[in-house]
Amino acid sequence: MQKRLFRLLSVLFAFTLIAAACGSDDDSETATEEPTAEEPAAEEPAEEPAEEPAEEPAEEPAEEPAMEETEEPAMEEASSFVSLDDQCASYDGLQAPAGFTANLVTDIGKVDDGTFNQFAFEGLTAAVECFGIENTSFIETVSEADYAANIATSLTSDPNVLVTVGFLITDDTAAAATANADVDFIGIDQFLVEYPENMVGVLFNENEGGFIAGALAASLSESGVVGVVGGREDVPPVVKFVNGYSAGAKSINPDIRVLEIYNESFTDPAKGASDAAQFIGEGADVIFGAGGPTGSGGVKAAAEAGVWAIGVDQDEYFTTFTGGTAPGSDKLASSAVKRVDLAVFDNVAASIQDAFVGGPYILSAANNGITYAPFHDAAVPDEAAVAVEAVRAGLADGSIDTGVCGIDGLFIGEGSACD
């Protein structure tokens with residue numbers, strides 16, 4: 001197989017990979033999902049073929065204020081966040097040259113979907129404002145079949161930099177980068193053994209984010225049962241979140257029961273809500289969502305049912321729970337955050353400075369790229385708050401390992417790419 005190749009890669013990225021120190025006995029219980037014959041449409045059918053209408057200027061006044069409102073409070077309150085305002089100030093007045101263009105193509109979903117598509121868009125929006133970029137646009141992807149076409153459509157505006165979002169769009173991004181050497185490509189969650197010189201693959205140690213969420217869940221749980229609603233099992237970041245969650249929970253309570261499920265779609269919040277209800281029925285009193293809007297459906301349903309919930313990707317207090325105005329806001333304990341926005345922002349800046357370097361761009365707890373959101377309205381007990389911060393700090397300084405491979409998300413010692 002690719003084991004030797006990954007072994008070589010793990011040496012190259014040794015500073016990001018995780019050794020087996022937390023124990024890898026995986027006695028978590030997996031709820032088997034029956035494959036559904038239908039994939040709920042994220043968009044109305046009329047939008048699919050129309051690439052031109054799908055492209056909307058990111059500069060429209062109605063779009064950007066909404067992005068700012070969801071971003072600022074979270075950045076100011078979270079303990080290990082670097083705000084995009086502060087990041088902008090660190091560039092000391094850097095301005096894009098006249099005509100500089102920065103575009104974005106989402107994964108399946110929208111720029112206001114409350115998950116990593118939105119976080120990527122917020123990073124681009126902040127860069128547009130900070131660096132005075134005049135030309136920018138985005139395309140929202142309806143289905144996997146549209147990836148290549150949407151990238152091609154975005155390239156017709158001759159962008160200097162193009163952000164594409166999601167693991168599933170990796171191959172199409174790499175092909176476009178190879179064919180367009182004058183464009184800098186930023187691929188979110190996109191892993192390649194070898195990258196084109198003009199493509200950055202933004203990778204995250206989601207196993208650390210899941211570990212933080214699991215430690216918080218176990219610290220909050222009174223029943224000794226917690227659950228995680230995941231996205232697609234063929235997407236490594238999802239597996240890293242799910243297995244990291246299990247490992248983190250067991251680091252606090254070795255006897256805890258972890259219920260987990262993977263889903264066929266990232267865009268089915270009703271299915272996520274059903275998963276959460278099933279887990280709650282089995283005694284779970286904390287639910288973590290790690291599957292885009294599907295996972296968010298589970299988070300929302302859990303909180304509305306009065307059990308603890310933990311979000312993912314960005315601070316779901318400001319997205320799923322609309323800044324605390326939605327029912328259940330007081331039960332959202334936190335969110336496992338991956339700083340997609342910061343990765344986009346800094347790589348756009350590198351492109352402007354002609355300092356763009358292709359290859360992996362890895363964010364972890366050590367560089368504040370993986371963290372957790374504030375507790376906001378949730379009455380998280382002091383002992384749980386202390387425990388989760390100790391775990392985050394331990395991951396950041398290297399004194400805590402997740403025991404989960406940072407490449408494929410499998411447990412180390414159980415056939416992972418890190419073995």
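Buried means under 20% relative accessible area, exposed means over 50%, and partly exposed lies in between, with a 1.4 Å probe and protein chains only. This is a predicted model, in which local features need pLDDT of at least 70, side-chain atom pairs count only at pLDDT 80 or more, and totals for chains, interfaces and linings use all residues. Residues are numbered from 1 along each chain as its sequence is written, and side-chain values use heavy atoms, with hydrogens and water left out.

**Figure 1. The whole chain has 13 helices and 14 strands.** Helices (H or I, at least four residues) and strands (E, at least two) are DSSP runs, numbered from the N terminus. The chain holds 419 residues, and 60% are buried. About 15900 Å² is exposed, 51% of it from carbon and sulfur atoms; these areas come from the Shrake-Rupley method with a 1.4 Å probe, and for residues only the protein chains shown count as cover. A contact means heavy atoms within 4.5 Å. Of the contacts with a separation of 6 or more, 72% join residues 24 or more positions apart.

**Figure 2. A salt bridge joins the side chains of Arg257 and Glu282.** The criterion is a side-chain nitrogen of Lys or Arg within 4 Å of a carboxyl oxygen of Asp or Glu. Here the N to O distance is 3.6 Å. Arg257 lies in strand S9 (residues 257–261) and Glu282 in the loop between H10 and strand S10 (286–290), so the pair ties together parts 25 residues apart in sequence. Arg257 is partly exposed at 29% relative accessibility. Glu282 is partly exposed too, at 32%.

**Figure 3. Helix H10 carries a salt bridge between Asp275 and Lys271.** The N to O distance is 2.6 Å. The two residues sit four apart, about one turn of the helix. Both are buried. Ala276 also lies in H10 (residues 269–281). Its relative accessibility is 0%, so Ala276 counts as buried. Beyond residues up to four places away in sequence, Ala276 touches Val229, Ile287, Gly298, Ala301 and Ala302.

**Figure 4. Further salt bridges include Arg232 with Asp234.** Their N to O distance is 2.7 Å. Arg232 is buried at 17% relative accessible area, whereas Asp234 is partly exposed at 46%. Elsewhere, Asp189, Glu206, Lys240 and Lys338 are linked in a network of salt bridges. The whole structure has eleven salt bridges.

**Figure 5. Cys88 and Cys130 form a disulfide.** The term covers a pair of cysteine sulfur atoms within 2.5 Å. These sulfur atoms are 2.0 Å apart. The S-S torsion is about 95 degrees, so the disulfide is right-handed. Cys88 is in helix H4 (residues 84–90) and Cys130 in helix H5 (residues 116–131), 42 residues apart. Cys88 is partly exposed at 22% relative accessibility; Cys130 is buried at 13%.

**Figure 6. A disulfide joins Cys405 to Cys418.** The S to S distance is 2.0 Å. Its torsion is about 75 degrees, so this disulfide is right-handed. Both cysteines are in the segment after helix H13 (382–397), 13 residues apart. Both are buried. The structure has two disulfides, paired 1-2, 3-4 in sequence order of the bonded cysteines.

**Figure 7. The largest nonpolar core has 83 residues.** Such a core is a set of buried Ala, Val, Leu, Ile, Met, Phe, Trp, Tyr and Cys residues joined through side-chain atoms within 4.5 Å. Residues with the most contacts inside it include Phe131, Tyr245 and Val380. H5 gives the most to this core, with ten residues.
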